[in-house]
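Hello,

Here is the structure you were going to look at. Please open it first, then read the notes below it.

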Amino acid sequence: MLQDHLISAAHLSRDDIEAVLDHAAAVDADPDLVRDRHAGRVLALCFFEPSTRTKMSFESAMKRLGGETIDMGSVESSSVKKGESLADTVRVIEGYADAMVLRHPSEGSAKLASEFVDVPLVNAGDGAGQHPSQTLLDLYTIRENAGLDDITIGIMGDLKYGRTVHSLAQALTNFDVRQHFISPESLRLPRNVRYDLHEAGAQVREHTDLDEVLPELDVLYVTRIQRERFPEEREYLEVAGEYRIDNEVLSDASDDLTVMHPLPRVDEIAPEVDETKRAKYFEQAHNGVPVRMALLDILLGGNE
Amino acid sequence: MTDKELRVSKIRDGTVIDHVTAGQALNVLAILGIDGSGGESVSIGMNVPSDKVGQKDVVKVEGRELSQSEVDVLSLIAPEATINIIRDFDVIEKNRVERTDTVRGILVCPNRNCITNADEPVRTEFEVLDDGVRCAYCDTIIREHDVAEHIDARGAGETAL
């Protein structure tokens with residue numbers, strides 16, 4: 001079963017994933033199943049970086065379980081600004097809460113924090129590392145729309161720094177999925193993720209051009225190419241247009257293609273795609289609540 | 001005194017690291033945190049002919065035995081090395097290095113954004129792969145031939161005699 005903490009998608013087995021997704025589906029179908037199950041319990045939201053969707057969906061999930069949330073506020077107004085270590089911060093907050101959600105700009109921060117606390121800790125993004133709870137809601141959305149076995153997925157955009165991509169790619173190795181990675185050369189998957197995919201025997205191909213693979217795809221997962229990653233604005237502009245989706249680009253795709261995006265988007269998916277049945281990114285964001293309800297319920301021992 | 005006599009001269013107390021991969025002797029010193037400032041007496045043989053491995057390096061350090069974490073990293077850059085502990089001119093212990101699963105506290109993660117490079121109360125930890133090591137915190141992989149570049153001599157443990 002799922003371990004005490006959720007730090008990396010690499011630690012998730014197929015059974016772990018299916019347990020969360022099945023429970024999320026049950027919660028989605030009947031929210032009364034878990035309503036007030038965690039009344040009186042407190043979830044600490046420790047966000048060392050700005051977040052809207054992840055933070056609010058965890059907050060919504062805990063409140064729908066009957067629990068409360070506490071929030072350390074902005075980093076500028078916290079003791080972190082005074083130079084307190086992350087290890088000390090989480091040790092203090094552990095005394096205030098029954099579980100903890102952490103977002104932090106440094107890779108490995110969630111693992112470090114988990115070594116200093118006994119309450120369940122969820123990694124809600126550690127730098128360019130991992131974002132495993134996002135992966136669970138991504139997998140839930142994929143399962144609802146395309147199934148999780150015998151599918152072909154294209155993952156496109158900033159694969160080097162995109163933590164949602166790293167977690168998703170690793171989690172998908174638990175299933176019969178053909179993975180195609182589409183990015184500029186400079187934003188290819190990092191070595192460690194490619195290593196894991198190779199070790200897992202995953203079916204993987206890398207491309208710079210979406211056209212090479214688009215007609216084969218059941219799912220296209222788009223991420224934002226981050227302007228700030230490029231040393232020169234000119235280099236960004238050269239590649240950004242190549243990775244923009246609109247209805248014309250998608251004309252060669254399967255009618256059943258599922259288009260996903262962890263959001264926020266900037267201009268990588270044209271608004272006209274929103275109106276098509278392919279667009280699932282808002283559904284994907286909404287799935288964050290039942291999936292995080294299920295995850296918190298399991299980590300807090302409510303599902304035993 | 002001939003060159004040969006100089007190379008094989010005995011030490012009273014300390015460690016002889018033999019069968020070091022040719023060219024790695026200076027990295028062995030880096031692992032041991034020896035840069036001359038500590039006053040240790042050190043002898044190095046580089047590219048010494050060896051029946052067993054063709055050419056090898058040899059490092060002799062007076063007054064110093066190796067900690068386990070030092071041996072762990074040594075196993076990455078000199079997998080054929082033998083470690084001879086010398087007391088009163090006699091070899092009292094002779095061990096082959098063994099490849100370890102994990103290396104703690106001696107390598108620095110090259111990812112500047114890794115939490116182990118922040119001011120946190122944590123030792124670095126690397127999982128040993130077939131051809132390198134991998135940071136247990138941020139997953140960054142260092143290939144075997146690059147490992148020596150990431151040795152933190154300050155982190156090297158010491159066992160004084």
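Across the interface of chain A and chain B there is 1 salt bridge, a term that means a side-chain nitrogen of Lys or Arg within 4 Å of a carboxyl oxygen of Asp or Glu. The side chains of R134(B) and D196(A) form this bridge, at 2.7 Å from N to O. Between these chains there are also 9 residue pairs in polar contact, both residues at pLDDT 80 or more. A polar contact is a pair of N or O atoms within 3.5 Å; within protein, one must be able to donate a hydrogen and the other to accept it, and residues adjacent in sequence count only if both atoms are side-chain atoms.

This is a predicted model, in which local features need pLDDT of at least 70 and side-chain atom pairs count only at pLDDT 80 or more, while totals for chains, interfaces and linings use all residues. Residues are numbered from 1 along each chain as its sequence is written, chains are lettered from A and ligands numbered from 1 in the order in which they are written, and side-chain values use heavy atoms, with hydrogens and water left out.

Chain A brings 20 residues to the contact and chain B brings 16, where contact means heavy atoms within 4.5 Å. The two chains bury about 1500 Å² between them, with 52% of it on carbon and sulfur atoms. Buried area is the accessible area (1.4 Å probe) that two parts lose on being put together, summed over both. E107(A), R191(A) and Y195(A) supply 36% of the area that chain A buries against chain B, more than any other three residues.

Next, chain B by itself. Its domain assignment, which is automatic or from a database, gives domain 1 (14-96) and domain 2 (102-149). Their centres, taken over C-alpha atoms, are 23 Å apart. In the contact between them, 9 residues of domain 1 of chain B meet 10 residues of domain 2 of chain B. The area buried there is about 680 Å², and carbon and sulfur atoms give 77% of it. S69(B), V73(B) and L76(B) supply 64% of what domain 1 of chain B buries against domain 2 of chain B, more than any other three residues.

What is the count of salt bridges across the interface of domain 1 of chain B and domain 2 of chain B? It is 0, and the count of residue pairs in polar contact, both at pLDDT 80 or more, is also 0.

Regards
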